[in-house]
Amino acid sequence: MSLSSKIMPAMKEAMKAKDQNALTSLRAIKAAILLAQTETGSKEELTEDQEIKILQKLVKQRKDSAAIFTEQNRADLAEPELAQAEVIATFLPAQLDEEEVGKIIEEIIASTGAAGMKDMGKVMGQASAKLAGQADGKLISTIVKAKLS
């Protein structure tokens, strides 16, 4: 089932419940999907990987904004951003914890024969592909650096 077909019923539910936070989040997802579809010039459906990348980007944007607002002591602006990030994250696949990501990265390091930081690009490429949608890129990068150093 495509992300678009999941968003519309969720938007209707948010409208009925008068949940402005959820509605704003869902509209942002719908807008990002439409924008991605029209970038190519055709109305073709997005792949699941493309949909996951869009959702991850939206969550990251919300979290980054919330961090900036928190630094500036604007909790009134940070809270809605974090709440929207949570709503958007519900459409992402289940996230792996740090320990599981570490095990997968160890397997990749063993299979590639990576020996140090010079091989980080090789490991990151495979790890990012294998863990797409299941772990944050920043977490992956941090663990790879720790394992290779």
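Two short exercises on salt bridges in this model follow, each with a worked solution.

The model is predicted: local features need pLDDT of at least 70, side-chain atom pairs count only at pLDDT 80 or more, and totals for chains, interfaces and linings use all residues. Residues are numbered from 1 along each chain as its sequence is written, and side-chain values use heavy atoms, with hydrogens and water left out.

**Exercise 1.** Place the salt bridge of Asp64 and Lys60 in the fold, and state how exposed each partner is.

Solution.
- Start with the contact. A salt bridge is a side-chain nitrogen of Lys or Arg within 4 Å of a carboxyl oxygen of Asp or Glu. Here N to O is 3.0 Å.
- Locate the partners. Asp64 and Lys60 both sit in helix 3, 4 residues apart, about one turn of the helix. Helices are DSSP runs (H or I, at least four residues), numbered from the N terminus.
- Check exposure. Buried means under 20% relative accessible area, exposed over 50%, partly exposed in between (1.4 Å probe, protein chains only). Asp64 is partly exposed because its relative accessibility is 38%. Lys60, at 48%, is partly exposed too.

**Exercise 2.** Which residues join Asp119 in one salt-bridge network, and is Asp119 buried or exposed?

Solution.
- Take one pair. Lys122 and Asp119 form a salt bridge, with the closest N and O atoms 4.0 Å apart.
- Extend the pair. Shared partners join Lys118, Asp119 and Lys122 into one network.
- Classify. Asp119 has a relative accessible area of 12%, so Asp119 is buried. Lys122 is partly exposed at 43%.
- Set the context. The whole structure has 7 salt bridges.

How values were computed
Helices (H or I, at least four residues) and strands (E, at least two) are DSSP runs, numbered from the N terminus.
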